[in-house]
Structure formats: structure tokens, C-alpha cells
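Student: I would like a close look at a single part of this model, with the confidence of the chain dealt with beforehand.

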Amino acid sequence: MIICFISYRYVVDSLGDADSLWLKREPTVDEVKELLKEWDLSGYTELVFCGYGEPMERLDEVLALCRYIKGTTNLKTRINTNGLSDLLHGRETAPELIGLVDAISILTLLCPL
């Protein structure tokens, strides 16, 4: 089971050892690739795109990283998303994930109005 607090950073400034839940800037695809090269991924079976935000807002970057992951590792890929990628990008985005993403988890938050 996964419990995701997508909007948690709007409630608190820090969590655990993290002084801030906000990035000073978004990492580039090349920076993420370099980090992945440094890590021993042999004990993992899956890489998940998730966090304190919506990964599909950076669709091009997610696709580029999935291509890299599929070309250099045996890891499966999954995206935790709110399911609004088509709305964000104004087009059908699911076909772009074929062959690159193994699973998608659509997470919803119920918030009282």
C-alpha cells in the first residue's frame, strides 16, 4: 500500500531531516542520469516517479528518463500521478508511455471544499 501526501508541503515547511519540501530548482535530465549512475540499483526492481508534486507536469523529462532507464537497467518503471496529464498537456499522453512505463498508479485526494 502506498500513502502519498502530495499536498503535504502546503501544510508544513519541513519533514524529518528535510529543511524544506520545495526544491530550489528542478533537476535536469542529465543531472538525474548522473545520480542514477552513482547509485547501486542492483537491489531494486522498480523505479517510481512520485513525490511532493505531479511528475507528469514534466512529461518530456519523465519520458527521457524512462528511455534512459529502459536502455541501461532492468528496472521496471512506474508513475504515481493524479491522472490529469491529458488535461495538463492538451493531448492524449498515454500512448507516449507505451514501452517506457510498466505501471501507472493514479492517486486521488479527497479534500473537503
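What is the mean pLDDT of the chain, and what share of its residues reach 70 or more? After that, please describe the surroundings of arginine 58.

Tutor: This is a predicted model, in which local features need pLDDT of at least 70, side-chain atom pairs count only at pLDDT 80 or more, and totals for chains, interfaces and linings use all residues. Residues are numbered from 1 along each chain as its sequence is written, and side-chain values use heavy atoms, with hydrogens and water left out.

The chain has a mean pLDDT (the predictor's confidence in each residue, from 0 to 100) of 85, and 84% of its residues reach 70 or more. Over residues 1-6 the pLDDT is below 50, and this stretch has 10 contacts in the model beyond near neighbours in sequence; a contact means heavy atoms within 4.5 Å.

Arginine 58 lies in the loop that runs between β1 (46-49) and α2 (59-72). Helices (H or I, at least four residues) and strands (E, at least two) are DSSP runs, numbered from the N terminus. Arginine 58 counts as partly exposed because its relative accessibility is 24%: buried means under 20% relative accessible area, exposed over 50%, and partly exposed in between (1.4 Å probe, protein chains only). Leaving aside residues up to four places away in sequence, arginine 58 touches Glu26, Pro27 and Thr28. Leucine 88 is 30 residues from arginine 58 in sequence, with a C-alpha to C-alpha separation of 10.0 Å.

As for cysteines, cysteine 50 is partly exposed, at 48% relative accessible area, whereas cysteine 66 is buried, at 0%.
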